[in-house]
Amino acid sequence: MQLAEKLAEYVDLLQYGDLDQDVIHIAKQRVVDSMGCALGGMSSAPAKSIRSYAHTLPEGASTIFFSGKKVATDVAAFLNATMVRFLDYNDGYFSLEPGHPSDSIAACLAVAEAENLSGKDVILSMVIAYEIQMRFQDAATLFRRGWDHVNYVTVAATMAVGKLLKLSRPQLVHALGMALNGHIAMRQVRSGELSGWKGASAANATRNAVFCAYLAKHDMTGPSAIFEGEMGFFAQVSGAIDLDTAHFGNRQSQDFRIKAAKTKLYPTNGEMQTAVMAAVSLREKIGSLEAIESIRVDTTDVGYKFLAKDKAKWRPETRETADHSLPYTVARALLDGTITRATYDVAKLADPQVLAIIDKITVHEDPVLAAQMPSLANRVTLRMKHGESLSEELGTKENPRIGLDDRAIETKFRDFAQEHFTEKGIEEALGACWTLEHQTGIGQFLSNFELGER
């Protein structure tokens, strides 16, 4: 049996009743976090561009987040997922390949609404999306071969929405063949000066997944042996992958990968989270920033290659470049003592104070830190003018702060929501998320997030 067939079998067999209450609750946490992030990305330039296009289209079956307007399901998935992703604040998972498994949530909601399905259906499809994407992330690296991690989003989202569409096993295989063969994403989207497409790349993967799943439902057939074929995914993109779906999460093990997704503490690239923590910690130990003679950041090969190597990362001109710039982010953390949504406002990028700090920074690839991957370790060292050196090294494996409880996730949501909703509206929106398994209609669920006085 080929891998696509094994994935189809797994997806076909998994049912909502196979999920325990812990897994269901974690899925609801992911929805709260993602809807908050979407509020934060709602007014972004990429979201505005896509929304402007969406408004030219006829009415469809799926709701644009925070509005009563409905558009074609694949377009709703695309726009809504871009909102979730824009701030780089939605959950993340780093293994052999980095990624954001919550990228598929918007597509699950869009298809479930279009098909008149329930909150239970959404939860099951989410668990499938997380399971497949994260298992692929555990299995093979794409970025070192020049391909983007959203290729795994394509696989995961196709299987998730295929479950919602009740595709047969052969139809799931065909949907996956179409989605992967026609939509391979390059890593160039995260190299050099970054554009608005950085935040839309994963969303586009889910749009392609929705489109191809619907085609398969109407009996379109896709390329065969999409993974193992002579010119298939293994040969052209990932290299050989050994995935045994028998070891995926199931009723007996409850070892679903959604449990390993991490909530971000800061709205910035995942590989930089511990660098921010280290810089903030050091900031608390010094007086004036003028006392710093030099700043050394030691990071992994991944951190160096994608966050510091390019010239653009040392003088970022776009928000997308800045939130993938290790020098800018460390400098800002030292200057402000934190990283917030406002950190990457374009007006702040040329701040003379932050540029002066950047000019004191050097970034080095440390093989010892790289060997700790996927711990995402970073070390920040300040050499003071009076001769003392202060250093802080942190990794995610040993740092329990990478991951938040219900109260902290609600606080994160409220930080976004208070700009748009009354307190009553916030409580209604949160209540809808925490009772998602009892929601009988996704359109009604999303109406809890419509903007306006409530």
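This is a dialogue about how some descriptive terms apply to the structure above.

Student: What kind of model is this, and how are residues numbered?

Tutor: This is a predicted model, in which local features need pLDDT of at least 70 and side-chain atom pairs count only at pLDDT 80 or more, while totals for chains, interfaces and linings use all residues. Residues are numbered from 1 along each chain as its sequence is written, and side-chain values use heavy atoms, with hydrogens and water left out.

Student: Why is T82 called buried or exposed?

Tutor: Buried means under 20% relative accessible area, exposed means over 50%, and partly exposed lies in between, with a 1.4 Å probe and protein chains only. T82 has a relative accessible area of 0%, and is therefore buried. T82 is found in helix α4, residues 73-85, where helices are DSSP runs of H or I with at least four residues, numbered from the N terminus.

Student: What does T82 touch?

Tutor: Contact means heavy atoms within 4.5 Å, and, not counting residues up to four places away in sequence, T82 touches P46, A47, I50, G199, A200 and A203.

Student: Why is A38, in helix α2 (residues 21-41), called buried or exposed?

Tutor: The relative accessibility of A38 is 0%, so A38 counts as buried. With residues up to four places away in sequence left out, A38 touches F65, F66, M83 and V84.

Student: What makes α5 largely enclosed by the rest of the structure?

Tutor: Because 10 of the 10 residues of α5 are buried, helix α5 is largely enclosed by the rest of the structure. Among these buried residues are I105, C108, L109 and E113.

Student: How do you know how α5 and α9 are arranged relative to each other?

Tutor: Two packed helices are described by the angle between their axes and the distance between the axes. The axes of α5 (residues 105-114) and α9 (residues 201-217) come within 10 Å and cross at roughly 35 degrees, the axes being lines fitted to C-alpha atoms over the stretch in contact, with angles from 0 to 180 degrees between N-to-C directions. On the α5 side the contact is made by A107, V111 and A114, and on the α9 side by T206, V210 and Y214.

Student: Which handedness does the crossing of α5 and α9 have?

Tutor: A crossing is right-handed if the near helix is turned clockwise from the far one by less than a right angle, and left-handed if anticlockwise; α5 passes α9 in a right-handed crossing.

Conventions:
Helix = DSSP H or I, 4+ residues; strand = E, 2+ residues; numbered from the N terminus.
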